[in-house]
Amino acid sequence: MFDRLREDINSVFDRDPAARNALEVLTNYPGLHALLLHRLGHWLWRKNLKWLARSLSSFSRWLTGIEIHPGATIGRRFFIDHGMGVVIGETARIGDDVTLYQGVTLGGTSWNKGKRHPTLEDGVIVGAGAKVLGPFSVGAGAKIGSNAVVTREVPAGATVVGIPGKVVQRSDPDAEEALTVDPARREAMQRKFGFDAYGVSQDMPDPVARSIQAMLDHMHAVDERVEHICTTLRKLDTGYRDGQLPELRDEDFAGVLDDAEAACPPRGKPTRSDTAGRQGSGHIEPPDPGEGNG
């Protein structure tokens, strides 16, 4: 028993640089108090003294602000830093060398009996305010960022952030896909549309950034197809003039917000002379659906 207590105190020194001596840790760290009381409550729970175990858990919550169900299974060198507001459910399983910060919830998403709470494997770190909800596993060495909401399994060594939680880094990054477009063209299109993938590299994939990147690649493919069509038209008709697409400029969108705030004036129907002028310049107007019906 004293060996385990010494091990728990040493784990505090390993993970909290503010700890100064063993007496301070033993008397002023609520995470350690909650862990020691939980071990006693868990022993009572396994001896089928469930009311007494729950009463001890309630006392521990009143004393430390940390609620650990006596049915939860906790490994060695478990450390709760600060600890206020931590909630650990009945069927939660926690491995060795796991660290939780304040406000963490290891909760369930079902009212049914059985496994309802997550399993944290060895070396997991859960940041302040994070919610890990459901009967799944968080792989060894994984890190969950502050205030993340995790509802599905996390691979070993991964880092999860956001709501809902997204894997932003893996110990084994995804293999980089071969580009099917010219990288220089892709970069030029990114600059044209003002797209920046937040400095995301292949070992820190962002699903939203990848979706936008796929859209840009598709626009690149459409641009290539339009150029091919124009080349074919020039071969078929020597009088065909291939106009350049206009560049996107900031001044082109200067009045967009003004139009949103004030009603736009109604557009008048184009006159015959305007239509003829545009047709003479090579621009073909679609027919007016109202013409020819009178």
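# A tour from Asn48 outward

Start by selecting Asn48, which follows α3 and has a positive phi, near 70°. Most residues other than glycine have a negative phi. Keep in mind throughout that this is a predicted model.

**Helix α3**

Step back from Asn48 into α3, residues 30-46. Check the helix length first. Its 17 residues, at 1.5 Å each, should span 24 Å, and the end C-alpha atoms are 24 Å apart, so the two agree. Now show the side chains. The buried residues here are Gly31, Leu32, Ala34, Leu35, His38, Gly41, His42, Leu44 and Trp45. Bring up what covers them: α1, α2, α4, β1, β2 and β3 are included. α4 is residues 50-64.

Stay on Trp45. Which residue lies over its face? Select Lys50: it sits 3.9 Å from the ring centre. For ring-to-ring pairs, the count comes to one aromatic pair.

**Helix α1**

Go to residues 2-15, helix α1. With 14 residues at 1.5 Å each, a span of 20 Å is expected; the end C-alpha atoms are 20 Å apart, so α1 agrees with that figure. Select Glu7, Asp8, Ile9, Ser11 and Val12, which are buried in α1. They pack against α2 (22-28), α3 and β3 (79-80).

**The whole chain**

Zoom out. The chain has eight helices and 15 strands. Of its 294 residues, 31% are buried. Look also at contacts with a separation of 6 or more: residues 24 or more positions apart account for 34% of them.

**The five-strand sheet**

Colour the strands β1-β4-β7-β10-β13; that is the order of an open sheet of five strands with parallel pairing. At the edges are β1 (67-68) and β13 (149-150), each pairing on one side only. Zoom in on β1 and β4 (residues 87-88): they run parallel, joined by two bridges. Pick Glu67, and its bridge partner in β4 is Val87.

**The four-strand sheet**

Next, colour β2-β5-β8-β11. This is the order of an open sheet of four strands, again with parallel pairing. Its edge strands are β2 (73-74) and β11 (137-138), and each pairs on one side only. Select β5 (residues 93-94) and β8 (residues 119-120), parallel strands that share two bridges. Which residue of β8 stands opposite Ile94? Leu120 does.

**The nonpolar cores**

Keep Leu120 selected. It belongs to the largest nonpolar core, which has 30 residues. Add Phe78, Ile88, Leu100, Val126 and Val138; together with Leu120, these touch the most other members. A second, separate core has seven residues, including Ile9, Val25, Tyr29 and Leu32. Ile9 is among the buried residues of α1, and Leu32 is among those of α3.

Return to Leu100 and list its contacts. Leaving aside neighbours within four places in sequence, Leu100 touches Phe78, Phe79, Ile80, Asp81, Val86, Ile88, Leu106, Leu120 and Val126.

**A buried loop residue**

Select Ala92, in the loop between β4 and β5. Is Ala92 buried or exposed? Its relative accessibility is 1%, so Ala92 counts as buried. Show its surroundings. Beyond neighbours within four places in sequence, Ala92 is in contact with Ala72, Thr73, Lys115, His117 and Pro118. Then draw a C-alpha distance to Gly71: 8.1 Å, across 21 residues in sequence.

**Backbone exceptions**

Three more stops concern the backbone.

- His82 is in the loop between β3 and β4. Its phi is positive, about 65°, although His82 is not a glycine. With a relative accessible area of 54%, His82 is exposed.
- Asp97 is in the loop between β5 and β6 (99-100). Asp97 also has a positive phi, about 60°, and is not a glycine. Its relative accessible area is 32%, so Asp97 is partly exposed.
- Pro164 is in the loop between β14 (159-161) and β15 (166-169). Look at the bond joining Ile163 and Pro164: it is a cis peptide bond, with omega about -10°.

On that last stop, a general reminder: most peptide bonds are trans.

Terms used: Residues are numbered from 1 along each chain as its sequence is written. This is a predicted model: local features need pLDDT of at least 70, side-chain atom pairs count only at pLDDT 80 or more; totals for chains, interfaces and linings use all residues. Side-chain values use heavy atoms; hydrogens and water are left out. Two strands pair if DSSP finds at least two bridges between them. The expected span of a helix is 1.5 Å times one less than its number of residues. Buried means under 20% relative accessible area, exposed over 50%, partly exposed in between (1.4 Å probe, protein chains only). Contact means heavy atoms within 4.5 Å. Rings of Phe, Tyr and Trp (its six-membered ring) pair if their centres lie within 6.5 Å; planes under 30 degrees apart count as stacked, over 60 as edge-to-face and the rest as tilted. A charge sits over a ring if NZ of Lys or CZ of Arg is within 6 Å of the ring centre and within 35 degrees of the ring normal. A nonpolar core is a set of buried Ala, Val, Leu, Ile, Met, Phe, Trp, Tyr and Cys residues joined through side-chain atoms within 4.5 Å.
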